[in-house]
Amino acid sequence: MAVFQITFSPSGPYFFGDEKGFAFADGKNGEYGKLYYIKGENIPLQTTILGAIRYLLLPEKTFAAAADAAHLIGKESFDPGSDHLLSFGAIKRLSSLFLCKGQEWFVPTPFDHNEACARQEQGKTFYTPFASYALMETLDGVKLYTPDYDPKLGVTCGYMSLSDAHVENGLFSTVTRAGLNCGANQDGFFKKDFVTLQSGFCFSVLAEIDETVATLPARSGVRMGQNKVPFSVEVTKQDFGTEEVCRRAQAVIAGCRKHVRYPDGKNYRFVYALADVLPE
């Protein structure tokens, strides 16, 4: 078993679901028609990445051989509600999605980053957690809150470097494209927001691959997203896995949170999630 870093670099504006948009209501029955303004997501879903890796593992000669394909990449689609353990052939584990720039790794900036009072140094903004908290009585009991939170700014976005904890904002920009749906019965005008990733950055995952089953090409390409944009793919073997990336992220965050103060002197547990989670 080996761990590989797989990077995906878009060749141009891309469009990932799930689709968010607007539609006009039908005047007769109040139902909504087709979306006329659709906005794509900044990053691909984990299932999109899984599908791309499965495609790369599948040699051309086995495209028509269902039995061989099932052995190499599994025969099922990803189903989080499955009542049995899913198998994806050579793919044993797949990490959350990261961003990379050269050898520098970036993870989503923790939501307790104080954007308004962030530390600035040499033209960079660094992850700066809220320093003080207070207690507030709520319908659900006493809760912690920080007086420094500015609801007009909201929670932070962007990505944090695991090298020096500096924060990169504005990595994604929008390209709006308009068109006409010639098959529409009514007005066929529509607009779609495509996304571009800042030059030099790429999407990255760590995958544990059983090389006795199948191997990944070092350099290749794959089309992803609704408009099938070409992504260049590079695969490099690594001597560390997802646990090491999590450890680095925790170490960076812990180092920046040394001076956080709580009103009752308790040591509250801080949990950082690299991706979406479903708490029980």
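This report describes strand pairings, aromatic contacts, salt bridges and one surface patch in a predicted model.

**Strands and hairpins**

Strand β5 (residues 98-101) has pairing partners in β15 and β6. With strand β15 (residues 202-209) it runs antiparallel, and three bridges join the two. One of the residues involved is phenylalanine 98, whose bridge partner in β15 is serine 204. With strand β6 (residues 104-108), β5 also pairs in the antiparallel sense, over three bridges. Here lysine 101 has glutamate 104 of β6 as its bridge partner. β5 and β6 make a hairpin with two residues between them, and glycine 102 in the turn has a positive phi of about 65°.

Another hairpin is formed by β16 and β17, with four residues between the strands. Strand β16 (residues 219-224) and strand β17 (residues 229-238) are antiparallel and share six bridges. Arginine 223 is matched with proline 230 of β17 as its bridge partner. In this hairpin, glycine 225 takes a positive phi near 85°.

**Aromatic contacts**

A pair of aromatic rings is described by the distance of the centres and the angle of the planes. The whole structure holds 11 aromatic pairs. In one of them, the rings of tyrosine 14 and phenylalanine 16 have centres 5.0 Å apart and planes at 45°, so the pair is tilted. Tyrosine 14 is buried, at 0% relative accessible area, and phenylalanine 16 is buried as well, at 3%. Through ring pairs, Tyr14, Phe16, Phe203 and Phe231 are linked into a cluster.

Phenylalanine 15 and phenylalanine 194 form another pair; their ring centres are 5.5 Å apart and their planes stand at 65°, so the pair is edge-to-face. This contact links distant parts of the chain, since phenylalanine 15 lies in the loop between β1 (2-10) and β2 (16-22) while phenylalanine 194 is in strand β14 (residues 189-197), 179 residues apart. Phenylalanine 15 counts as buried at 1% relative accessibility, and phenylalanine 194 is buried with a relative accessible area of 6%.

Each ring of this pair also has a charged side chain over it. The charged end of lysine 192 sits over the ring of phenylalanine 15, 4.5 Å from its centre. Arginine 177 lies over the face of phenylalanine 194, at 4.6 Å from the ring centre.

**Salt bridges**

Side chains of opposite charge can pair when their charged atoms come close. Seven salt bridges are found in the whole structure; the table gives some of them.

| Residue | Residue | N to O distance |
|---|---|---|
| Arginine 119 | Glutamate 121 | 2.6 Å |
| Aspartate 164 | Lysine 124 | 3.4 Å |
| Arginine 248 | Glutamate 244 | 3.2 Å |

Arginine 119 is partly exposed, with 41% relative accessible area, and glutamate 121 is partly exposed at 41%. Aspartate 164 lies in the loop between β11 and β12 (166-168) and lysine 124 in strand β8 (residues 124-126), so their salt bridge ties together parts 40 residues apart in sequence. Aspartate 164 is partly exposed at 30% relative accessibility, as is lysine 124 at 35%.

Arginine 248 and glutamate 244 are four residues apart in helix α3 (residues 242-256), and are therefore separated by about one helical turn. Arginine 248 is partly exposed at 27% relative accessible area, and glutamate 244 is partly exposed at 22%. Glu244, Arg247 and Arg248 are linked in a network of salt bridges.

**Surface patch**

Phe111, Tyr149 and Val155 make a nonpolar surface patch of about 320 Å². Tyrosine 149 lies in the loop between β10 (141-145) and β11 (159-161), and counts as partly exposed at 36% relative accessibility.

How values were computed:
Residues numbered from 1 in each chain as written. Predicted model: local features only at pLDDT ≥ 70, side-chain atom pairs only at ≥ 80, totals over all residues. Heavy atoms only, no water. Patch = residues over 30% accessible without salt bridge, like charges linked within 9 Å, V, L, I, M, F, W, Y side chains within 5 Å. Areas by Shrake-Rupley, 256 points an atom, 1.4 Å probe, with all protein chains shown as cover. Salt bridge = Lys/Arg side-chain N within 4 Å of Asp/Glu carboxyl O. Buried < 20%, exposed > 50% of the residue type's maximum accessible area, 1.4 Å probe, protein only. Pairing = 2+ DSSP bridges. Phe/Tyr/Trp six-rings, centres within 6.5 Å; stacked < 30°, edge-to-face > 60°. Lys NZ or Arg CZ within 6 Å of the ring centre and 35° of its normal.
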